[in-house]
Amino acid sequence: MDLTDTPTPVVTIGLNRNSNSFDYSMTELNNLVEANKMTVAETLVQKLDRPDPATYFGKGKIEELKQVVIDDGVDTIVVNDELSPSQIRNIEKATNARIIDRTGLILEIFANRAQSREAKLQVELAKLKYQLPRLHTSASQRLDQQTGTASGAGGATNRGAGESQYELNRRTLEKRITHVNQELKEASKADQTKRKQRDRSDIPTVALVGYTNAGKSTVMNGLIKLLGEDEDKQVLVKNMLFATLDTSIRRLTLPDQKTFLLSDTVGFVSQLPHQLVQAFKSTLSEAANADLLIQVVDNSDPHRELMMKTTEDTLNEIGVSGIPMIVALNKADKMDVNYPAREGDNLVMSAIDDASLQELVTMIKEKVFKNYETVELLIPFDKGDVVSYLNDNSNILNTDYKSDGTMITAELNETEIKRFEKYRV
Ligand SMILES: Nc1nc2c(ncn2[C@@H]2O[C@H](COP(=O)(O)OP(=O)(O)OP(=O)(O)O)[C@@H](O)[C@H]2O)c(=O)[nH]1
Ligand SMILES: [Mg+2]
């Protein structure tokens, strides 16, 4: 990790394959660079249909890159794609600079942000899988220095040390992968138990999803506050990419007693490395089990359409489909538009505006609690537990004391209606 606060200058490079999302992906790369305590000195782009299999850029462009590295006095090049180990080696040889590819960069950011034990293990697993085929490159060594996690074998750049050293390093990595996998399995078992308990408790779940830095955690905190929950339930909000790397789940109760679980989780970015997607599957799967998704979008970002596409692609990749979705077009306060403004399942809103959050709650309610019905129940006096359940869990519209029991008019969901069928009048 860089101990000084001065960001390291780097040259970023990318191949324009004539895609209309190229500008977006370069902007994104530059943002990722800044998020990793580096700064972009210069950007070099080449138009090519496909990367050169040996050097990514073509021969002439590599020469130009070498000169730029010298002129700018930088020692690091960040590449907008995942490279093969030999491409990394060849560009390093040609330019005398260190190479960080897109995957390595995102891994470094995740590694620097991970706080919880599970997130740390997940990042380490992704990192090890990335390092394994790259043992001979400095990309592997660099990740070890950056993250400070001791795989103990990442730094095998000295090819002169011979094949046996390489073999040793490879075996150490493989052992570590098995070990981390095992630890994660245990952690995820505990998670599944928790999820089962929640499923049984019948509480609907709502998951915030979307591009990193869109405002998911801010929406979460806004709802926690609006619904009068303890401030200590708040989650971390920061103006940086990947502030959230864990899943936080909060139980929220509406003024009419209906409760739901709201989860906030890791944000998405385009070409999220598959090693990370795999490693973070259990964190991301919270969305897969939700009854409703709220996709938060930074509506003030000119690339918002592509960010929504990225979110859609990532949800598909982790197997989330067919779940109803509200689209929260957030940060409207930064734009010259009316808000809150609702159109179907879209809401133009601001996470720092109470009227917007109120409208969002109304939409959540409509989607999640649509199977509620108002029923009348006559509960015998010796069934005090039923009365207290209703008092605690449902919206009671009327209570009347009759000679043969308590008459309660309440809004109940399907399961509750079945459970209390015998008391219906
Ligand atoms: N002006 C304005 N700023 C907002 C709004 N919502 C969020 N922000 C800011 O946007 C930045 C990112 O917010 P977060 O809530 O951390 O975003 P996130 O989606 O959780 O991001 P990650 O956890 O990094 O994926 C913070 O600086 C927030 O204060 C909004 O409606 N208006
Ligand atoms: Mg967040």
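Mentor: Start with a term. A helix is a DSSP run of H or I with at least four residues, and helices are numbered from the N terminus. The model we discuss is predicted.

Trainee: Which helix gives the largest share of the shell around ligand 1?

Mentor: Helix α8, residues 216–226, gives three residues, the largest share of that shell. In total the protein has 14 helices and 14 strands.

Trainee: What makes a residue part of the surroundings of ligand 1?

Mentor: One of its heavy atoms must lie within 4 Å of the ligand. Around ligand 1 there are 23 such residues. Lys-216, Thr-218, Ala-243, Thr-244 and Asp-333 come nearest.

Trainee: How does that shell divide by residue type?

Mentor: Eight residues are nonpolar, ten polar and five charged. Glycine counts as polar in this scheme.

Trainee: What makes the approach of Lys-238 to ligand 1 a polar contact?

Mentor: The cut-off for an N or O pair is 3.5 Å. A backbone N or O atom of Lys-238 lies 3.2 Å from an oxygen atom of ligand 1. The pair is within the limit, so it counts. Two further backbone N or O atoms pass the test against a ligand oxygen: Met-240 at 3.3 Å and Phe-242 at 3.1 Å.

Trainee: How much of ligand 1 does the protein bury?

Mentor: Taken alone, ligand 1 exposes 660 Å², and the protein buries 88% of that.

Trainee: Where does ligand 1 sit?

Mentor: In the largest pocket. To be placed there, more than half of a molecule's atoms must lie within 2 Å of the pocket's grid points.

Trainee: Now single residues. Why is Thr-265 called buried?

Mentor: Its relative accessible area is 4%. Buried means under 20%, so Thr-265 qualifies. Thr-265 is found in the loop between β7 (259–264) and α9 (274–279). A polar contact of 3.0 Å joins its side chain to that of Thr-247. Across the protein, buried residues make up 50% of the 425.

Trainee: And why is Lys-189 called exposed?

Mentor: Exposed means over 50%. Lys-189 has a relative accessible area of 54%, so the word applies. Lys-189 is in helix α7, residues 163–201. Its C-alpha atom is 10.0 Å from that of Ser-282, which is 93 residues away along the chain.

Trainee: Asn-96 or Asn-213: what label does each get for accessibility?

Mentor: Asn-96 has a relative accessible area of 70%, over the 50% line, so it is exposed. Asn-213 has 25%, between the 20% and 50% limits, so it is partly exposed.

Trainee: What makes the backbone of Asn-96 worth a look?

Mentor: Its phi is positive, about 60 degrees, although Asn-96 is not a glycine. Most residues other than glycine have a negative phi. Asn-96 is in the loop between α3 (85–95) and β4 (98–101). Asn-213 also has a positive phi, about 75 degrees, and is not a glycine. Asn-213 is found in the loop between β5 (205–210) and α8.

Trainee: How do you know which form the peptide bond from Tyr-339 to Pro-340 takes?

Mentor: From omega. The value is near -5 degrees, and the bond is cis. Most peptide bonds are trans. Pro-340 lies in the loop between β9 (325–330) and β10 (341–343).

Technical notes. Residues numbered from 1 in each chain as written. Chains lettered and ligands numbered in written order. Predicted model: local features only at pLDDT ≥ 70, side-chain atom pairs only at ≥ 80, totals over all residues. Heavy atoms only, no water. Polar contact = N/O pair within 3.5 Å; in protein donor to acceptor, adjacent residues only side chain to side chain. Areas by Shrake-Rupley, 256 points an atom, 1.4 Å probe, with all protein chains shown as cover. 1 Å grid on protein atoms, 1.4 Å probe; cavity = no way out; pocket = protein on both sides within 12 Å on 5 of 7 lines; lining within 4 Å. Helix = DSSP H or I, 4+ residues; strand = E, 2+ residues; numbered from the N terminus. Buried < 20%, exposed > 50% of the residue type's maximum accessible area, 1.4 Å probe, protein only.
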